[in-house]
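Colleague: Got a minute to go through this one with me? I'd like to walk around the sheet and then look at a few single residues.

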Amino acid sequence: LLSKVCSGYSPDRYVYVSLGGPQLEDQRLVHHRLGIKTLVSLEADAVVYERQLFNLRPSFIECRNESTADFVRDFDAFTNLHENQEFIIWLDYACANERREQLIEYQTLLGRLQDQDIIKITMNANPSTLGERRSGERHEDAQMRCLEVLRRQLDSYLPESLEPTEMTSCGFVPILCNAIKKASLNAVQNTPRFQPVPLGIFVYQDGYHQMLTITVRLIKKADVNPFIEKLKLLGWDYLPSNWDEVTRIRVPNLTAQERLFIEGLLFSKELEAIHEELPFRFHAKGEESLKILEEYARHYRRYPSYFQVVL
């Protein structure tokens, strides 16, 4: 997405901020893919921060030993250091019991951004984090209890009309989407000339947890339609038409041999024919297996490669 949004502009135009983790892989990839050199990593954990300083590469990454809350609170001072630059900020949240605080941080930060700035928020969308079903507890009672926990967590970001039956993996996603939408609209109440435009809404599995991630760009209302048309022409196929249109990423975990076999056939034949030639399946049900292959074909260029290395 960023390679399309930032195409045609100097990398010096942008400031990239995210939670880089001990290896700072995120910042490294952004620099190598986009050429951006103003890179900032936020890290509240002092132990991880020290590891970042040891692993620093490229050397010009600015590692800040502060939380996202600290960053949002002091954002005005941060903007003074980067005048005439546009911000790309990724708030990558993992903690499931701080959803309301995360939405408030996101809303506050978005409200301080300017035209063309980009913000991405990632939140835990696993309903089991609201509470596991207790021994002997009826399913309906467990769902009601989870709904009460969610009401306490999200408070005013929730619609009044919610049913306990929505406390499922599928039902939880649109609830969070609408909470982020509400936070986004709240953020621009005092700047009506701006519109927060969702550029990508994705759900994916991160180990045990389902995650939701939404990328939003702040755009002057008069410029929204031209920008969207340009993004479509550039081939961005994941532009949602509304805040509820979610793209689920479900790619298989392939071995190197499996990947080479599939990519040797990819696009030379119809996917149904390739699926028939596979000497293995991704799912016991043939229809589900084909869907997973179709998902891989959709994302294969961005599919990461992992190799075991013994040092």
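Modeller: Sure, and keep in mind that this is a predicted model. Let's start with W90, whose bridge partner in β5 is K120.

Colleague: OK, and how do β4 and β5 run, parallel or antiparallel?

Modeller: They run parallel, and 5 bridges join them.

Colleague: What's on the other side, with β1?

Modeller: Strand β1, residues 14–18, pairs with β4 in the parallel sense over 4 bridges. One pair to click on is V15, which has F87 as its bridge partner in β4.

Colleague: How many of β4's residues are buried?

Modeller: 6 of its 7 residues are buried, so to speak of β4 as mostly covered is fair.

Colleague: Zoom out for me. What's the strand order of the open sheet?

Modeller: The order is β3-β2-β1-β4-β5-β7-β6-β8, which makes 8 strands with mixed pairing. The edge strands are β3 (62–64) and β8, and each of them pairs on one side only.

Colleague: Take the β3 edge. What does S41 stand opposite?

Modeller: S41 stands opposite C63 in β3. Strand β2, residues 38–42, and β3 pair in the parallel sense, with 3 bridges between them.

Colleague: And does any helix sit there... actually, which strands does α8 touch?

Modeller: α8 packs on the sheet and touches β5 (118–124), β6, β7 and β8. Its direction makes about 25° with that of β7.

Colleague: Now the other end. How many bridges join β6 to β7?

Modeller: There are 12 bridges between β6 (residues 194–206) and β7 (residues 209–220), and these two strands run antiparallel. V197, for instance, has R217 as its bridge partner in β7.

Colleague: What about the turn of that hairpin, which residue takes a positive phi?

Modeller: That's G207, with a phi near 65°; the hairpin has 2 residues between the strands.

Colleague: And how does β6 run with β8, parallel or antiparallel?

Modeller: Parallel, with 2 bridges joining β6 to β8, residues 247–248. F202 has T247 as its bridge partner in β8.

Colleague: Back to α8. At what angle does it cross α6?

Modeller: The axes of α6 (residues 99–110) and α8 (residues 169–187) cross at roughly 35° and come within 8 Å. The crossing is right-handed.

Colleague: Which residues meet there?

Modeller: From α6 you have R99, L103, Y106, Q107 and L110. Among the α8 residues they meet are F172, L176, A179 and I180. The residues of that contact divide into 9 nonpolar, 3 polar and 1 charged.

Colleague: Switching to H82. Where does it lie, and why does it count as buried?

Modeller: H82 lies in the loop between α5 (75–81) and β4 (86–92). H82 counts as buried because its relative accessibility is 12%, and the cut-off for buried is under 20%.

Colleague: What does the H82 side chain make a polar contact with?

Modeller: With the side chain of Q85, at 3.2 Å. Not counting residues up to four places away in sequence, H82 touches V15, T38 and F87. V15 and F87 are the bridge partners we clicked on in β1 and β4.

Colleague: Last one, F267: buried or exposed?

Modeller: F267 counts as exposed, because its relative accessibility is 57%. You'll find F267 in the loop between α10 (256–265) and α11 (271–277).

Colleague: Which residues is F267 in contact with?

Modeller: Leaving aside neighbours within four places in sequence, F267 is in contact with I274, A297 and Y300. As for T122, F267 is 33 Å from it in space, C-alpha to C-alpha, and 145 residues from it in sequence.

Definitions and conventions
Residues numbered from 1 in each chain as written. Predicted model: local features only at pLDDT ≥ 70, side-chain atom pairs only at ≥ 80, totals over all residues. Heavy atoms only, no water. Pairing = 2+ DSSP bridges. Buried < 20%, exposed > 50% of the residue type's maximum accessible area, 1.4 Å probe, protein only. Polar contact = N/O pair within 3.5 Å; in protein donor to acceptor, adjacent residues only side chain to side chain. Contact = heavy atoms within 4.5 Å. Axes fitted to C-alpha atoms, helices over the stretch in contact; angles between N-to-C directions. Left-handed = near helix turned anticlockwise from the far one by under 90°. Nonpolar A, V, L, I, M, F, W, Y, C, P; charged D, E, K, R; others polar.
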